[in-house]
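Please examine the sequence and the three-dimensional structure shown below. The paragraphs that follow lead through the structure step by step.

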Amino acid sequence: IEVLSLLQKKVMPKYTGSSRRHVADKSLLEKYGVSLILDEDSAGDQPIGINISGWDISTSSSSIGNEGEMDALNTIVQDSVNDSRRLALPEIVFTQAFVSLEYHMNTTNINMNNKNDAVGRTKHDGCSPKIQFTAEDALAEWAECHSHLPLAQKDESHASYKGVSIIKTVDAKLWEERQARDKQQISSKGNLFGSGAAAAALEKCSTEFNYDWTYSTPYLGTTIITEGQKYWKEEEMSGLDLTLLTDQSQPILYFDDVNLYEDDMHDNGYVSLRCKIRVMPTCFFLLLSQFVRVDQVLIRVKEVRFFCKLYGEDDDESSFQLYRDVVWKECAWSKLGSIGLPTNIGSWRVEDELNVGQREQQRIQGMLRSLPEIRLPKDVFKHASLDIK
């Protein structure tokens, strides 16, 4: 908890307004041998990232997906499950938003005395590996998990696969309880219109949830590696270097906060998946976080942290690691009070975080840190590393 507290308070700066991206000024970038990556699709010289120590780090926010983009995404998602289960997309999906980390081997040093280099550079071949974060990949993985869930949710209502389960709202639970009582009365006492007709009417009025409408994806990012390269391996301890992460003497060269998708669950709660990245001369840190609130049912948080030390010209960078930490937290609403957390819905409205003061932001982050951790799926490592060679 102490480690997470330090990261939240010192590693991620708070930005308000419509644009959360921060890029250091040209003189500071030149000082550390950093070049800009420009948006090739825009008319102006809009930076979408930086190159530092062989890493191309780029980000892009986007508007909400249009009809064509959402139809294409829906096809991808639906192809992940059979036709017997229909899935629905989140209400708001930023279809073109992304965060990308791409390492280039044998990258030549950039001469910042060249005016063109100071403005921007073109990506080149010889890259390995690449880690990207998109709504499409996150939702595709969420959808694929449904193929492992039973369609019938009677005795298997607690079925879960990689954290994806079918959660019901309080209203749905009450309606199902009423249905069960009514069906029992029909079978025991009969009905003026016949037990079969009454039961059929109840079935048509059933509130059926056959997919995870909280969009609780187990997504850890998309890792693309070259042939022969090793994949993520489990580590006993975290590789995050708090000394580097909390060094306030180091300037922020690049920061962005990218929202991938969100949904208000038909006014029954809130879910969001977002990605924040911070780059300093000595390291970069990325936080992929998902928040789920089902009003009066549960609070859920999934966080994936990435850290990499950046090397200078005099360092041996022939082999180094990208580190990843995964933490999942969850608490039933009925148990929040027992661990000292508020039970009123207003206290958990994280969707209002950007519109409140710093003290309120700190209060919200403190509550999230206090949530109890839950066990990770077997194939999800709590601590892992990826060799960068």
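The place of threonine 343 is in the loop between strand E16 (320-332) and helix H9. The model is a predicted one, and every value given here is computed from it. Is threonine 343 buried, partly exposed or exposed? With a relative accessible area of 40%, threonine 343 is partly exposed, because the partly exposed class lies between the limits of 20% and 50%. In sequence, threonine 343 is separated from glutamine 296 by 47 residues, yet in space their C-alpha atoms are 8.1 Å apart.

Glutamine 296 leads to the next part of the structure. This residue sits in the turn of a hairpin formed by strands E14 and E15, which have three residues between them, and glutamine 296 has a positive phi of about 70°. Strand E14 covers residues 283-294, and strand E15 covers residues 298-309. The two strands run antiparallel and are joined by twelve bridges. In this pairing, phenylalanine 285 stands opposite phenylalanine 307 in E15.

Strand E15 also pairs with E16, again in the antiparallel sense, over eleven bridges. One example is valine 304, whose bridge partner in E16 is valine 326. How many of the twelve residues of E15 are buried? Eleven of them are, so E15 is largely enclosed by the rest of the structure.

The same region takes part in enclosing an empty space. Rolling a probe the size of a water molecule over the atoms shows where empty space is left. The count comes to two cavities of 30 Å³ or more, and the largest cavity has a volume of about 70 Å³. Which strands each supply at least two residues of the lining of the largest cavity? Strands E14 and E15 do so, and E14 provides the largest share, three residues. The lining residues include Leu288, Ser289, Gln290, Lys302, Val304 and Trp328. Val304, the bridge partner of valine 326, is thus also one of the residues that line the largest cavity. By class, the lining has seven nonpolar, three polar and one charged residues.

Attention now turns to strand E12, which covers residues 254-263. Ten of its ten residues are buried, so E12 is largely enclosed by the rest of the structure. Among its pairings is one with strand E1 (residues 22-23), which runs antiparallel to E12 and is joined to it by two bridges. Here histidine 22 has phenylalanine 255 as its bridge partner in E12. Strand E5 (residues 92-93) is likewise antiparallel to E12 and joined to it by two bridges, with isoleucine 92 standing opposite glutamate 262.

Strand E12 also pairs with strand E13 (residues 269-279), in the antiparallel sense, over nine bridges. In this pairing, asparagine 259 stands opposite arginine 274 in E13. Arginine 274 is engaged through its side chain as well: a polar contact of 2.8 Å joins it to the side chain of aspartate 257. Aspartate 257 is found in strand E12 and counts as buried because its relative accessibility is 5%, under the limit of 20%.

Strands E12 and E13 form a hairpin with five residues between them. In the turn lies methionine 265, which has a positive phi of about 50° although it is not a glycine. At 0% relative accessibility, methionine 265 counts as buried. Lysine 162 offers a second case of a positive phi in a residue that is not a glycine, with a value of about 55°. Lysine 162 lies in the loop between strands E8 (160-161) and E9 (164-165), and with a relative accessible area of 23% it is partly exposed.

A further buried residue is aspartate 56, in strand E4 (residues 55-60). Its relative accessible area is 0%, and its side chain is joined to that of asparagine 51 by a polar contact of 2.7 Å.

Finally, helix H9 comprises 13 residues, 358-370. What span should those residues have at 1.5 Å a residue? The expected value is 18 Å, and the end C-alpha atoms are 18 Å apart, which agrees. The buried residues of H9 are Gln361, Ile364, Gln365, Gly366, Met367, Leu368 and Arg369. An α-helix has 3.6 residues a turn, so residues three or four places apart point the same way.

Note on methods: Residues are numbered from 1 along each chain as its sequence is written. This is a predicted model: local features need pLDDT of at least 70, side-chain atom pairs count only at pLDDT 80 or more; totals for chains, interfaces and linings use all residues. Side-chain values use heavy atoms; hydrogens and water are left out. Buried means under 20% relative accessible area, exposed over 50%, partly exposed in between (1.4 Å probe, protein chains only). Helices (H or I, at least four residues) and strands (E, at least two) are DSSP runs, numbered from the N terminus. Two strands pair if DSSP finds at least two bridges between them. A polar contact is a pair of N or O atoms within 3.5 Å; within protein, one must be able to donate a hydrogen and the other to accept it, and residues adjacent in sequence count only if both atoms are side-chain atoms. The expected span of a helix is 1.5 Å times one less than its number of residues. On a 1 Å grid over the protein atoms alone, a cavity is a set of points where a 1.4 Å probe fits but cannot get out, and a pocket is an open set with protein on both sides within 12 Å along at least five of seven lines; lining residues have an atom within 4 Å of a point. Grid points are joined across faces, edges and corners, and a volume is the space filled by probe spheres set on the points. Ala, Val, Leu, Ile, Met, Phe, Trp, Tyr, Cys and Pro count as nonpolar, Asp, Glu, Lys and Arg as charged, and the others, Gly among them, as polar.
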